[in-house]
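User: I would like to go through this structure by asking, for each label that is used, what value stands behind it. Please set the value against the cut-off wherever a step of reasoning needs one.

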Amino acid sequence: AVRLSGAVIGGQLNLEGARISNPAGPALVADYLSTRSNVMLNNGFHAEGRYGTGTIRLVGADIGGRLMFGGGHAEGAGSDLALNLRQTHVGGDVLLPANFTTGLLALTGLTYDGMIRDATLDELLDMFANRTTRYTSQPYFQLAAAHQAAGHERDVRRIHVARQRDLLRRGELDARGRLWHRVTGHILGYGYRPAIALRWWVGALLLSVLLIAGVAGPAGLARTTAGHSAPCSLVAQVGLAINTVTPLVKLDAQANCQIDTAAGLGQAVIVGMWVLQALGWAFVTLFITGFTGLVRRSP
């Protein structure tokens, strides 16, 4: 192994083209390394080793420039930890292509003043979710902060949604928390896509129209309030359906059109309207709470 633990380098560490092989342990150990410039493990760099804490270890390193892996490779497969960057700080960009290694990565505590480059956002999120040793939120928050600073608002939301999905899959959630997570995921995108709740509300509205104008109306159950003497117009039926699932905003249709509950079908329609009303209120409330960020979890 090449051991540089605790080394202080006034310039850069350049291992371009180096080939390090250690079949019985780590290839490069540089814990708490400090450099004023770049660390270059790229352009033909090749590391092969077998070690529980990483083939390449840069734990706690403080790198003054960029950390560069492009064109390099670290052997690793299955449960082997190939790259250990726990608590590493990089003063610039991290150039980490997705094909640098097929092994596992430890990224908890990795911070950088620039961006992670040489990999697409989809590739990075796949690394975080499927090629790290366990779920931790810090890599996602660090990546989101970098994209936030760059003004990539849509990417920030994608990162946080991916974080919440990883939390649901690998995080330590109890049964109640897991259920709530699934609900907010399907309805709100975990609070980062509140517009999804409006789509659910539109679905409830369409069901309400179908129930009143498509079932109650043709059955003669939608009657005017004047002694139930005449059927409601189609416009009035649609207005009643809108009133059912729309909180606060009410049309005049409910005052002019009601469902006749004398028959059993009318009672069933009323129960359906109650259910749709509850769903409509729930979807609108979840949209508001999601829009204001009240349901976003940050474990």
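Analyst: The model is a predicted one. A suitable place to begin is helix α3 (residues 153-170), which has 18 residues and spans 26 Å from its first C-alpha to its last.

User: How do you know what span to expect for the 18 residues of α3?

Analyst: The expected span is 1.5 Å times one less than the number of residues, and for α3 this expectation is 26 Å, to which the 26 Å reached in the model is close.

User: Which residues of α3 are buried, and what covers them?

Analyst: The buried residues of α3 are Val156, Ile159, His160, Val161, Ala162, Arg163, Gln164, Asp166, Leu167 and Leu168, and the elements that cover them include α1 (121-130), α2 (138-149) and α4 (175-188).

User: What makes the link between cysteine 232 and cysteine 257 a disulfide?

Analyst: The cut-off asks for two cysteine sulfur atoms within 2.5 Å, and the S to S distance between cysteine 232 and cysteine 257 is 2.1 Å, so the pair meets the rule. By this rule the count comes to one disulfide. Cysteine 232 lies in the loop between β19 (222-224) and α6 (234-245), whereas cysteine 257 belongs to strand β20 (residues 257-259), so the link ties together parts that are 25 residues apart in sequence. The angle about the S-S bond is 115°, and the link is right-handed.

User: Why are cysteine 232 and cysteine 257 called buried?

Analyst: Buried means under 20% relative accessible area; cysteine 232 counts as buried because its value is 7%, and cysteine 257 because its value is 0%.

User: Why, then, is alanine 98 called partly exposed?

Analyst: The partly exposed class lies between the 20% and 50% limits, and alanine 98 falls into that class because its relative accessibility is 22%. Alanine 98 sits in the loop between β15 (94-95) and β16 (104-106), and beyond its neighbours within four places in sequence it is in contact with Asp118, Ala119, Glu123, Met127 and Arg131.

User: How do you know that β6 and β10 pair?

Analyst: Pairing requires at least two bridges, and two bridges join strand β6 (residues 34-35) to strand β10 (residues 62-63), so the requirement is met by these parallel strands. Serine 34 has aspartate 62 in β10 as its bridge partner.

User: What makes β2 and β17 the edges of the sheet?

Analyst: The open sheet of five strands has the order β2-β6-β10-β14-β17, with parallel pairing. β2 (8-9) and β17 (111-112) each have a single partner strand, so one side of each is left without a neighbour in the sheet.

Methods
Residues are numbered from 1 along each chain as its sequence is written. This is a predicted model: local features need pLDDT of at least 70, side-chain atom pairs count only at pLDDT 80 or more; totals for chains, interfaces and linings use all residues. Side-chain values use heavy atoms; hydrogens and water are left out. Helices (H or I, at least four residues) and strands (E, at least two) are DSSP runs, numbered from the N terminus. Buried means under 20% relative accessible area, exposed over 50%, partly exposed in between (1.4 Å probe, protein chains only). Contact means heavy atoms within 4.5 Å.
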